[in-house]
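I opened a new notebook page for this protein. My plan is to go from the whole chain down to single residues.

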Amino acid sequence: MQGDARVQVPVTVRMFTQLFSCTPRGARLARRLVANRMDVWGFAYDSEASESVTLVVAELAANAVQHGRVRGRDFRVRLILRDGDGDGDGEDVVRVEVSDGRTERLPVLRAPGDGEGGRGLLLVAALADRWGTDLCAGGTYKVVWAEVRV
């Protein structure tokens, strides 16, 4: 090949998706299953990467249960592990997505000492490289996501 030949570097993507009941028990189970999935992917339970991703999931799942509950609807956790070899920086990234049915209540990052609640997102912002919210499927659910380098 001559001229404009491009080499495409293979990228490995691994995914985990699970629905959970929108209860405190569902949030606890989400945290445990995510810790297990990180271990399966090669990040030991006590590693910084596993603890960071698990804490982000715990905070977002707790928010989904407390603020995103809609009667008769579950919340979903999805993890996407992207191999960092394809983008040049060599670092893997785990994208955490937590979906719930309360589209009118978007998460708000609050300053410390600003009343009760909202501090879990401070942890998410501190652990994640980026985070945000998307409305999906014609506004029937929202996704709060965070990307953590591991």
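How much area does the protein expose, and what share of it do carbon and sulfur atoms supply? I looked this up first. The protein exposes about 8,900 Å². Carbon and sulfur atoms supply 48% of that area. I note here that the model is predicted.

**Entry: the whole chain**

I counted the elements next. The protein has three helices and five strands. Along the sequence I read the pattern β-α-α-β-β-α-β-β. The protein has 150 residues, and 35% of them count as buried. I then turned to contacts with a separation of 6 or more. Residues 24 or more positions apart account for 62% of these.

**Entry: the sheet**

In what order do the five strands of the sheet stand? I traced E1-E2-E3-E5-E4. The sheet is open, and its pairing is antiparallel. Strand E1 (13–20) and strand E4 (130–136) stand at the edges. Each has a single partner strand, so one side of each is left without a neighbour in the sheet. On average, neighbouring strands of this sheet are turned by 15° against each other, with direction ignored.

I looked at one pair in detail. E1 and strand E2 (residues 75–82) run antiparallel and are joined by eight bridges. In this pair I found Phe-20 opposite Phe-75 in E2. Helix H1 (residues 24–40) packs on the sheet. H1 touches E1, E2 and strand E3 (93–100). The direction of H1 makes about 160° with that of E1.

**Entry: the core**

The largest nonpolar core has 30 residues. Which of them touch the most other members? My list reads Val-34, Val-53, Leu-60, Phe-75, Val-77, Leu-79 and Val-96. I then checked which elements contribute. E1, H1, H2, E2, E3, helix H3 (120–127) and strand E5 (141–149) each supply at least two residues of this core. H2 gives the most, with eight residues.

I followed Val-96 further, setting aside residues up to four places away in sequence. Val-96 touches Val-53, Val-56, Val-57 and Leu-60, among others. Its contacts also include Arg-78, Leu-79, Val-144, Trp-145 and Ala-146.

**Entry: helix H2**

H2 covers residues 48–67. Does its length come out as expected, or not? I worked at 1.5 Å a residue, where the 20 residues of H2 should span 28 Å. The end C-alpha atoms of H2 are 28 Å apart, which agrees.

Next I listed the buried residues of H2. Among them are Ala-49, Val-53, Val-56, Val-57, Leu-60 and Val-65. Ser-50, Ser-52 and Thr-54 are also on the list. The buried residues of H2 pack against H1, E2, E3, H3 and E5.

**Entry: two single residues**

Is Ser-52 buried or exposed? Ser-52 has a relative accessible area of 11%, and buried means under 20%, so Ser-52 is buried. Ser-52 sits in H2. Leaving out residues up to four places away in sequence, Ser-52 touches Leu-127 and Val-148.

I asked the same of Glu-147: buried or exposed? The relative accessible area of Glu-147 is 10%, so by the cut-off of under 20% Glu-147 is buried. Glu-147 is placed in strand E5. Which residues is Glu-147 in contact with, leaving aside neighbours within four places in sequence? I noted Arg-82, Val-93, Val-94 and Arg-95, among others. Ala-128, Asp-129 and Arg-130 are also in contact with Glu-147.

Methods:
Residues are numbered from 1 along each chain as its sequence is written. This is a predicted model: local features need pLDDT of at least 70, side-chain atom pairs count only at pLDDT 80 or more; totals for chains, interfaces and linings use all residues. Side-chain values use heavy atoms; hydrogens and water are left out. Two strands pair if DSSP finds at least two bridges between them. Helices (H or I, at least four residues) and strands (E, at least two) are DSSP runs, numbered from the N terminus. Axes are lines fitted to C-alpha atoms, for helices over the stretch in contact, and angles run from 0 to 180 degrees between N-to-C directions. Contact means heavy atoms within 4.5 Å. Buried means under 20% relative accessible area, exposed over 50%, partly exposed in between (1.4 Å probe, protein chains only). Accessible areas come from the Shrake-Rupley method with a 1.4 Å probe; for residues, only the protein chains shown count as cover. A nonpolar core is a set of buried Ala, Val, Leu, Ile, Met, Phe, Trp, Tyr and Cys residues joined through side-chain atoms within 4.5 Å. The expected span of a helix is 1.5 Å times one less than its number of residues.
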